[in-house]
Amino acid sequence: IDTRFTALGKGEWIMFNFKEPRQFDKLDIAWYWGAERKYSFEIQCSNDADNWETVFKGNSSGQSGDFETYVFDKTVNAQFIRIVGYGSDKSLYNNFAEVR
C-alpha cells in the first residue's frame, strides 16, 4: 500500500465528506504497521460536521496489515465520517493506509 494518513497526538482526526447522507453500518480500515501495533480510535458520524455521534470505539487487532472491519452498533445515516485516533501501544502516532 503506497498511501497513508499519519498524525501525532491523542484526538487527531481525519474526516470524509460523502456530499450527501448515506447509510453506514461498518467501516474497513487497513492500519499502517497494523501487524505490529494496536491502535486506539473512535469512528464518528455526522450530518452537519458539527454534531458527532460515536458509532465505534475500540482498538485494532495489532495482528494484521490488511483491512479490519469495525461493525457499528446500529446503522446510521450520515454525510460525514470521522476517525479520531488516540495513538498505538508503541507511540502517539495514528497511522492507517486505507479506509473503505
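Is F41 buried or exposed? At 1% relative accessibility, F41 counts as buried. The views below come from a predicted model.

**View 1. The largest nonpolar core holds 19 residues.** I29, F41, I43 and F72 touch the most other members of this core. Five elements are named as giving two or more residues to the core: strand 1 (5-8), strand 2 (12-31), strand 3 (39-46), strand 4 (53-59) and strand 5 (67-88). Strand 5 gives the most, with 6 residues. In soluble globular proteins, nonpolar side chains tend to be buried together.

**View 2. The surroundings of F41 draw on several stretches of the chain.** Leaving aside residues up to four places away in sequence, F41 touches I29 and W31. F41 also touches the run F56, K57, G58, N59 and S60. Y70 is another contact of F41. I83, V84, G85 and Y86 complete the list for F41.

**View 3. W31 and F96 form an edge-to-face aromatic pair.** A search of the whole structure finds 9 aromatic pairs. In the pair of W31 and F96, the rings are 6.0 Å apart, centre to centre. Their planes stand at 90°. W31 lies in strand 2, and F96 lies in strand 6 (residues 93-99). The pair therefore ties together parts that are 65 residues apart in sequence. Both partners are buried: W31 has a relative accessible area of 4%, and F96 has 6% relative accessibility.

**View 4. F41 and F56 form a stacked aromatic pair.** The ring centres of F41 and F56 are 5.5 Å apart. The angle between the planes is 25°. It counts as stacked because planes under 30 degrees apart fall in that class. F41 lies in strand 3 and F56 in strand 4, so the pair ties together parts that are 15 residues apart in sequence. F56 has a relative accessible area of 18%. F56 is therefore buried, since the cut-off is under 20%.

**View 5. Seven aromatic residues, F5, W31, Y39, F41, F56, Y70 and F96, form one cluster.** The cluster includes W31 and F96, the edge-to-face pair of View 3. The cluster also includes F41 and F56, the stacked pair of View 4.

**View 6. R4 lies over the face of Y32.** What is the distance from R4 to the ring centre of Y32? The distance is 4.1 Å.

**View 7. The charged end of R82 sits over the ring of W13.** Here the charged end of R82 is 5.2 Å from the centre of the W13 ring.

Terms used
Residues are numbered from 1 along each chain as its sequence is written. This is a predicted model: local features need pLDDT of at least 70, side-chain atom pairs count only at pLDDT 80 or more; totals for chains, interfaces and linings use all residues. Side-chain values use heavy atoms; hydrogens and water are left out. A nonpolar core is a set of buried Ala, Val, Leu, Ile, Met, Phe, Trp, Tyr and Cys residues joined through side-chain atoms within 4.5 Å. Buried means under 20% relative accessible area, exposed over 50%, partly exposed in between (1.4 Å probe, protein chains only). Helices (H or I, at least four residues) and strands (E, at least two) are DSSP runs, numbered from the N terminus. Contact means heavy atoms within 4.5 Å. Rings of Phe, Tyr and Trp (its six-membered ring) pair if their centres lie within 6.5 Å; planes under 30 degrees apart count as stacked, over 60 as edge-to-face and the rest as tilted. A charge sits over a ring if NZ of Lys or CZ of Arg is within 6 Å of the ring centre and within 35 degrees of the ring normal.
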